[in-house]
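Visitor: I should like to understand how the terms used for a protein structure are justified. May we go through them one at a time?

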Amino acid sequence: MNITQNKTALPEAKHAVTLENRNRGSIDGVSKVVSAYPDAINLVTSKGALTVSGKDLKILKFDADTGRLSFDGEVNALKYDGGKKPLLKRIFK
């Protein structure tokens, strides 16, 4: 008897970042809140680790079921970690 397994890839979770006037935002595709401080919110998203940096940041709502997070505070930067290095840096080590 031969058993064949059907392996189907799960669809990648939607990821979107919305920022309004640098002081209010929402992020879809959040799987985990690593830490939240007034100067930084560290998240794990479907596209990698994300750090929101700024002043007076606070999480207004996080729904783990939908992966949606909303926050407010003055945003200075959004930075993704864990991505591939640029091609030239990989070539010229």
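Visitor: How many bridges join strand 5 to strand 6?

Guide: The model shown here is a predicted one. In it, 12 bridges join strand 5 to strand 6, and the two run antiparallel. One bridge partnership is that of Thr51 with Lys79 in strand 6.

Visitor: What makes strand 5 and strand 6 a pair?

Guide: Two strands pair if at least two bridges are found between them. Strand 5 and strand 6 are joined by 12 bridges, and therefore they count as a pair. Between these strands of the hairpin lie four residues, and in this hairpin Gly67 takes a positive phi near 80°.

Visitor: How do you know that strand 2 pairs with strand 6?

Guide: Four bridges join strand 2, residues 24–28, to strand 6. The requirement is at least two bridges, so strand 2 and strand 6 pair as well. They run antiparallel, and Ile27 stands opposite Leu69 in strand 6.

Visitor: Why is Asp72 called buried?

Guide: Asp72, which has its place in strand 6, has 15% relative accessibility. Buried means under 20%, and therefore Asp72 counts as buried. Leaving aside neighbours within four places in sequence, Asp72 is in contact with Asn23, Arg24, Asp56, Leu57, Lys58 and Leu60.

Visitor: Why is Leu19 called partly exposed?

Guide: Leu19 is found in strand 1 and has 35% relative accessibility. Buried is under 20% and exposed is over 50%; 35% lies in between, so Leu19 counts as partly exposed.

Visitor: What makes Leu19 eligible for a nonpolar patch on the surface?

Guide: Residues of a patch need over 30% relative accessible area. Leu19, at 35%, passes that cut-off. Leu19 forms the patch with Val17, Leu78 and Tyr80, and together they have about 310 Å² of accessible area. Strand 1 and strand 6 each supply at least two residues of the patch.

Visitor: Which residues form the largest nonpolar core?

Guide: This core has 10 residues: Ile27, Val30, Ile41, Leu43, Leu50, Val52, Leu57, Leu69, Phe71 and Val75. Strand 4, strand 5 and strand 6 each supply at least two of its residues.

Visitor: How do you know that Leu43 of this core is buried?

Guide: A nonpolar core is a set of buried residues. Leu43 belongs to the core, and therefore Leu43 is buried. Beyond its neighbours within four places in sequence, Leu43 is in contact with residues including Ile27, Val30, Leu50 and Leu69.

Technical notes:
Residues are numbered from 1 along each chain as its sequence is written. This is a predicted model: local features need pLDDT of at least 70, side-chain atom pairs count only at pLDDT 80 or more; totals for chains, interfaces and linings use all residues. Side-chain values use heavy atoms; hydrogens and water are left out. Patches are made of residues with over 30% relative accessible area and no salt bridge: like charges are joined within 9 Å, nonpolar side chains (Val, Leu, Ile, Met, Phe, Trp, Tyr) within 5 Å. Accessible areas come from the Shrake-Rupley method with a 1.4 Å probe; for residues, only the protein chains shown count as cover. A salt bridge is a side-chain nitrogen of Lys or Arg within 4 Å of a carboxyl oxygen of Asp or Glu. Buried means under 20% relative accessible area, exposed over 50%, partly exposed in between (1.4 Å probe, protein chains only). Contact means heavy atoms within 4.5 Å. A nonpolar core is a set of buried Ala, Val, Leu, Ile, Met, Phe, Trp, Tyr and Cys residues joined through side-chain atoms within 4.5 Å.
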